[in-house]
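Please examine how the ligand is held by the protein in the structure shown below. The explanation proceeds from the surrounding shell to the individual contacts.

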Amino acid sequence: MKLGVIGSPIEHSRSPEIHYEFAAQFDLNISFEKYLVEKKECIDWVKDFFANKGSGLSVTLPLKEVVLGAADEISERALQAGAANMLHLRGNKIFADCTDGIGLVNDFKNNEIEIVNKTILVIGAGGASRGILPSLLNEDPKQVIVANRTTEKSFKLVSEIQETSGLQMKSSILMPTGLSLKGIDFNTFDIVINATSISTSKEQTLDIDKAIFNKASVALDLYYSQSDTLFMKMAKDSNVHTVLDGWGMLVHQAAASFNQWSGFNPKIKEALKSRRD
Ligand code: NAP
């Protein structure tokens, strides 16, 4: 089975090792390559991959939105998110799905983190935010605040998600804002999620007040890394009880994608253990 992961940058991706570990559980013969693909070539590249015996692709930044243009069919959750993190050839049709949200929710469950009735701050309004917001909202939080450097993008994301998720009635629970969080009480966030791409860059600078961690008991950086990111250090310095990186979410979303490509339900214990090895 020919599989792979596309994105830019792509060198840092640890998806191949996770999927090879899953395949070994079932004696499945797969190839799983990393492919550097830029936005402008993405749609043609994806069509070409599937026309040349490709079976499935993981999709990472910055392609999660643009990749929908290559799909013949789109799952409801990918439509709700307006983004996809996996593609699958079904018959001769390219199917797009988003397993990021279920990956995050399963990671929270695995770490015994409650979402119900919690106030959640999500920083960032790119593909990853799109992917996780519908699933977070389905878990009945008290409120989700989306703060982004480019303020208009958080407003656009929130209004799109409200439209596609049929959440208009509950618009008070999903709120857009800029990074300054003007007019918002910093002492209300139970969970803070860094869904920006700052941790992928060498000069990690996040122009946000440390007071966002005042009440928080959980901080999660969606990025996964060998060492603590700036965001994770800020959270630890602020005595946040549970500080996680994105490894658990990555493994859980990968398991959900692998299941669709292969029909097998992989055990995740070994892959979770290999974090930061
Ligand atoms: P993306 O679509 O490129 O979006 C990037 C976001 O980061 C935008 O909101 C952007 O704000 C913001 N940003 C970039 N530089 C910034 C800075 N210096 N200060 C403040 N905000 C900044 O990327 P993505 O696909 O959403 O990915 C985001 C992160 O999630 C990455 O670290 C990725 O590795 C991680 N991720 C992890 C998993 C997992 O399974 N663990 C899954 C998906 C993604 P503007 O709109 O202002 O440009």
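Helix 8 provides three residues of the shell around the ligand, the largest share. In this predicted model, helix 8 spans 247-262, and helix 5, covering 127-138, likewise supplies at least two residues of that shell.

The domain arrangement places these contributions in context. Domain 1 comprises 2-98 + 248-276, while domain 2 covers 101-245. Because both domains give residues to the shell, the ligand lies between them. The space that the ligand takes is the largest pocket.

In composition, the shell around the ligand contains 11 polar residues, 10 nonpolar residues and four charged ones. There are 25 residues around the ligand, of which K64, A128, N148, T150 and L222 come nearest.

Two of these residues also appear among the polar contacts, T150 through its side chain and L222 through its backbone. For T150, a side-chain N or O atom is 2.4 Å from an oxygen atom of the ligand. For L222, a polar backbone atom stands 2.9 Å from a nitrogen atom of the ligand. The backbone of S197 takes part as well, with a polar atom 3.0 Å from a ligand oxygen.

How much of the ligand's exposed area does the protein bury? Taken alone, the ligand exposes 920 Å², and the protein buries 88% of that area.

Key
Residues are numbered from 1 along each chain as its sequence is written. This is a predicted model: local features need pLDDT of at least 70, side-chain atom pairs count only at pLDDT 80 or more; totals for chains, interfaces and linings use all residues. Side-chain values use heavy atoms; hydrogens and water are left out. A residue is near a molecule or strand if one of its heavy atoms lies within 4 Å of it. A polar contact is a pair of N or O atoms within 3.5 Å; within protein, one must be able to donate a hydrogen and the other to accept it, and residues adjacent in sequence count only if both atoms are side-chain atoms. Accessible areas come from the Shrake-Rupley method with a 1.4 Å probe; for residues, only the protein chains shown count as cover. On a 1 Å grid over the protein atoms alone, a cavity is a set of points where a 1.4 Å probe fits but cannot get out, and a pocket is an open set with protein on both sides within 12 Å along at least five of seven lines; lining residues have an atom within 4 Å of a point. A molecule sits in a cavity or pocket if more than half of its atoms lie within 2 Å of its grid points. Helices (H or I, at least four residues) and strands (E, at least two) are DSSP runs, numbered from the N terminus. Ala, Val, Leu, Ile, Met, Phe, Trp, Tyr, Cys and Pro count as nonpolar, Asp, Glu, Lys and Arg as charged, and the others, Gly among them, as polar. Domain bounds come from an automatic or database domain assignment.
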